[in-house]
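Open your viewer, pick a cartoon style, and keep the selection box handy. We will go stop by stop, selecting as we go.

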Amino acid sequence: MEQNQFIANRLREVFLNGTWIANTNYKKELEATTYKQAIQKVGNLNTIAVLTYHINYYLSGLLRVLNGGPLDISDKYSFDAPVLQTDAEWKALVAKLLENAEAFSQAVAQLPDATLNTPFVTEKYGTYNRNLEGVIEHSYYHLGQIVLIKKLVGDSAL
């Protein structure tokens, strides 16, 4: 298997259909999360909705780069999630994340393997491979938070 396909499959695993690493994925967790659970605050933790926004912020920004656009995202804005007012807004956020995850996976699958060891935008960001592995690790980190927050919220937000 080519490296680009391997990475694309790992991305699909964390976002869309895998269970090997965490026994779950974003699609499974978020589609089973109610609007009330998603916005429920637990102490000083981010909400599930904010974490979903955060991950989607990076996916959509990096997808623009993979499609030939500029790198125009910034860490300082990555948690600036809008306040969700309705179930429809929550479902739209989840749908957008899953749509971007599939598009991102497809874009990675199209990358020539030789590109994986070249600088991502500029040398200060490391290689494409390093950044793509970072997306996977970052995504699992926040997936774990979502699962834990969901357990803390429990049925109280249903």
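Here is the tour, from the overall view to pairs of helices and a group of rings.

**The whole chain.** Keep in mind that this is a predicted model. Colour by secondary structure and you will find six helices and zero strands. Walking from the N terminus, the order of elements is α-α-α-α-α-α. Now turn on the C-alpha atoms: along the principal axes they fill a box of roughly 50 × 30 × 25 Å. The radius of gyration is 16 Å, which agrees with the value near 15 Å for a compact globule of 158 residues.

**H1 against H5.** Select residues 3-17 for helix H1 and residues 87-110 for helix H5. Their axes lie 7 Å apart, and the packing angle is about 170 degrees, which means H1 is roughly antiparallel to H5. To see the contact, show side chains on both partners. From H1, include Ile-7, Ala-8, Leu-11 and Phe-15; from H5, include Leu-97, Ala-101, Phe-104 and Val-108. Glu-102 of H5 and Arg-12 of H1 also belong to this contact. By class, the H1 and H5 contact residues comprise 11 nonpolar, five polar and two charged.

**H4 against H5.** Keep H5 on screen and add H4. The two axes come within 9 Å and cross at roughly 35 degrees, and the crossing of H4 past H5 is left-handed. Which residues meet here? On the H4 side they include Ile-48, Tyr-53, Leu-59 and Leu-63, while Trp-90, Leu-93, Lys-96 and Phe-104 are among those in H5. Sorted by class, this H4 and H5 contact holds 16 nonpolar, four polar and one charged residues.

**H4 against H6.** Hide H5, then select residues 48-66 for H4 and residues 128-153 for H6. These helices pack at about 165 degrees with axes 10 Å apart, so H4 and H6 are roughly antiparallel to each other. H4 makes a left-handed crossing with H6 as well. Among the H4 residues in this contact are Leu-51, His-54, Ile-55 and Tyr-58; H6 contributes residues including Val-135, His-138, His-142 and Ile-149. The contact of H4 with H6 divides into 11 nonpolar, six polar and one charged residue.

**The tyrosine rings.** For the last stop, select Tyr-53, Tyr-57 and Tyr-58 and show them as sticks: together they form one aromatic cluster. Two of these will look familiar, as Tyr-53 appeared in the contact of H4 with H5 and Tyr-58 in the contact of H4 with H6. How many aromatic pairs does a search of the whole structure find? The search gives four.

Technical notes:
Residues are numbered from 1 along each chain as its sequence is written. This is a predicted model: local features need pLDDT of at least 70, side-chain atom pairs count only at pLDDT 80 or more; totals for chains, interfaces and linings use all residues. Side-chain values use heavy atoms; hydrogens and water are left out. Rings of Phe, Tyr and Trp (its six-membered ring) pair if their centres lie within 6.5 Å; planes under 30 degrees apart count as stacked, over 60 as edge-to-face and the rest as tilted. Axes are lines fitted to C-alpha atoms, for helices over the stretch in contact, and angles run from 0 to 180 degrees between N-to-C directions. Helices (H or I, at least four residues) and strands (E, at least two) are DSSP runs, numbered from the N terminus. Angles under 35 degrees count as roughly parallel, over 145 as roughly antiparallel, 65 to 115 as roughly perpendicular and the rest as oblique. A crossing is left-handed if the near helix is turned anticlockwise from the far one by less than a right angle, and right-handed if clockwise. Contact means heavy atoms within 4.5 Å. Ala, Val, Leu, Ile, Met, Phe, Trp, Tyr, Cys and Pro count as nonpolar, Asp, Glu, Lys and Arg as charged, and the others, Gly among them, as polar. The radius of gyration is taken over C-alpha atoms; the globule rule is 2.2 Å times the number of residues to the power 0.38.
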